[in-house]
Amino acid sequence: IMAIGGFSLQKGNIASGKTTCLEYFSKTSNIEVLTEPVSKWRNVRGHNPLGLMYQDPARWGITLQTYVQLTMLDRHLSTISAPVRMMERSIYSAKYIFVENLYRSGKMPEVDFAVLSEWFEWITQNITIPVDLIVYLQTSPQTCLERLKVRCREEEKVIPLEYLEVVHQLYEDWLIKKTSFHIPAPVLVISADDDMQKMLHQYEENREKIIAARNV
Ligand SMILES: Nc1ncnc2c1ncn2[C@@H]1O[C@H](COP(=O)(O)OP(=O)(O)O)[C@@H](O)[C@H]1O
Ligand SMILES: Cc1cn([C@H]2C[C@H](O)[C@@H](COP(=O)(O)O)O2)c(=O)[nH]c1=O
């Protein structure tokens with residue numbers, strides 16, 4: 001936990017508006033934002049593990065998720081340069097949402113899941129991951145599909161609504177129903193189906209809660 005201000009994690013389905021929200025806060029206050037290292041997942045030494053995973057999850061799921069876990073840990077441990085820091089997703093959502101989904105859907109072999117889980121447990125038991133608040137941008141899967149189409153990342157063109165529905169349900173079970181996994185910090189829920197104008201208004205309404213995350 002940071003000495004001054006708070007450290008909040010931004011959660012939400014694919015294309016729910018996390019990056020857009022972080023960009024807004026980075027421009028309007030002294031908040032350090034750490035966006036997801038998606039560019040690394042699309043290009044590690046000339047390879048594209050994100051694209052490979054969407055093409056053949058059973059073969060490449062472990063490859064992507066191992067790299068996601070490493071790059072998330074690197075983000076969590078990076079040097080802090082502002083009193084408040086917001087980070088897009090986390091090592092927790094990578095494991096509890098995406099690895100879990102690959103495994104439950106039968107696309108990740110049990111041995112891959114076991115090895116990733118051993119890594120995850122070692123990391124979270126031996127390294128302090130600072131987090132004071134989870135900001136959950138809650139959207140309908142349909143909204144995410146529409147925004148995903150607008151953003152138009154090449155690798156994600158294969159994503160159907162059903163995939164977003166499963167990811168949504170995993171988030172809901174974890175952060176709203178609180179029935180699946182450990183939640184590392186209090187959760188602030190922001191409804192995020194609205195248009196940009198209304199979303200900016202909601203961000204303003206919640207700004208103080210996010211900045212004072214340490215006291216939540
Ligand atoms: N409230 C909103 N209304 C309409 N479009 C939005 C809204 N927020 C974000 N978008 C657009 O949706 C797409 C996905 O947003 P993004 O912030 O990249 O999502 P995420 O980081 O959660 O994947 C982008 O094209 C972005 O401009
Ligand atoms: C954390 C994580 C992400 N992914 C995938 C899901 C999306 O296609 C991108 C992230 O994009 P977003 O718009 O920022 O949601 O990466 C994954 O497959 N596994 C993961 O652990």
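In these exercises, a residue counts as exposed when its relative accessible area is over 50% and as buried when that area is under 20%; values in between are called partly exposed. The structure is a predicted model.

**Exercise 1. Helix H6**

Determine whether the span of helix H6 agrees with its number of residues, and describe how buried and exposed residues are arranged around H6.

Solution.

Step 1. Helix H6 runs over residues 110-126 and has 17 residues. The expected span is 1.5 Å times one less than the number of residues, so H6 should span 24 Å. The C-alpha atoms at its ends are 24 Å apart, in agreement with that expectation.

Step 2. The buried residues in H6 are Asp 112, Phe 113, Leu 116, Ser 117, Phe 120 and Ile 123. Around the axis they cover an arc of only 130°, and therefore they lie on the same side of H6. The spacing follows a general rule: an α-helix has 3.6 residues a turn, so residues three or four places apart point the same way.

Step 3. Exposed residues on the other side of H6 are Glu 110, Val 111, Glu 118 and Gln 125.

Step 4. The packing partners of the buried residues of H6 are helix H4 (57-76) and helix H5.

**Exercise 2. Ser 90**

Locate Ser 90, classify it as buried or exposed, and identify what it touches.

Solution.

Step 1. Ser 90 belongs to the loop that connects strand S3 (84-88) with helix H5 (91-104).

Step 2. The relative accessibility of Ser 90 is 0%, so this residue counts as buried.

Step 3. Leaving aside residues up to four places away in sequence, Ser 90 touches Leu 9, Lys 11, Met 72 and His 76. With one of these, Lys 11, the side chain of Ser 90 forms a polar contact of 2.2 Å.

**Exercise 3. Two positive phi values**

For Arg 45 and Cys 152, state phi, the loop that holds the residue, and its accessibility class.

Solution.

Step 1. Arg 45 is not a glycine, yet its phi is positive, near 50°. Its loop lies between helix H2 (38-42) and helix H3 (49-55). A relative accessible area of 81% is over the 50% limit, so Arg 45 is exposed.

Step 2. Cys 152, also a residue other than glycine, has a positive phi near 60°. This residue is in the loop between helix H7 (141-151) and helix H8 (161-176). Because its relative accessibility is 43%, Cys 152 counts as partly exposed.

**Exercise 4. The surroundings of ligand 1**

Name the residues that come nearest to ligand 1, list polar side-chain approaches, and give the covered share of its area.

Solution.

Step 1. There are 14 residues around ligand 1, of which Ala 15, Lys 18, Thr 19, Thr 20 and Arg 151 come nearest.

Step 2. Polar side-chain atoms lie 2.7 Å from a ligand oxygen in the case of Lys 18 and 2.5 Å from a ligand oxygen in the case of Thr 19. For Arg 147, such an atom is 3.3 Å from a nitrogen atom of ligand 1.

Step 3. On its own, ligand 1 has 560 Å² of accessible area, and the protein covers 77% of this.

**Exercise 5. The surroundings of ligand 2**

Carry out the corresponding analysis for ligand 2.

Solution.

Step 1. Around ligand 2 there are 18 residues; Glu 36, Tyr 54, Gln 65, Arg 151 and Glu 156 come nearest.

Step 2. Oxygen atoms of ligand 2 are approached by polar side-chain atoms of Tyr 54 at 2.7 Å, of Arg 153 at 3.0 Å and of Glu 156 at 2.5 Å.

Step 3. The protein covers 99% of the 470 Å² of accessible area that belongs to ligand 2 on its own.

Key:
Residues numbered from 1 in each chain as written. Chains lettered and ligands numbered in written order. Predicted model: local features only at pLDDT ≥ 70, side-chain atom pairs only at ≥ 80, totals over all residues. Heavy atoms only, no water. Helix = DSSP H or I, 4+ residues; strand = E, 2+ residues; numbered from the N terminus. Buried < 20%, exposed > 50% of the residue type's maximum accessible area, 1.4 Å probe, protein only. Polar contact = N/O pair within 3.5 Å; in protein donor to acceptor, adjacent residues only side chain to side chain. Contact = heavy atoms within 4.5 Å. Arc of directions from axis to C-beta. Near = heavy atom within 4 Å. Areas by Shrake-Rupley, 256 points an atom, 1.4 Å probe, with all protein chains shown as cover.
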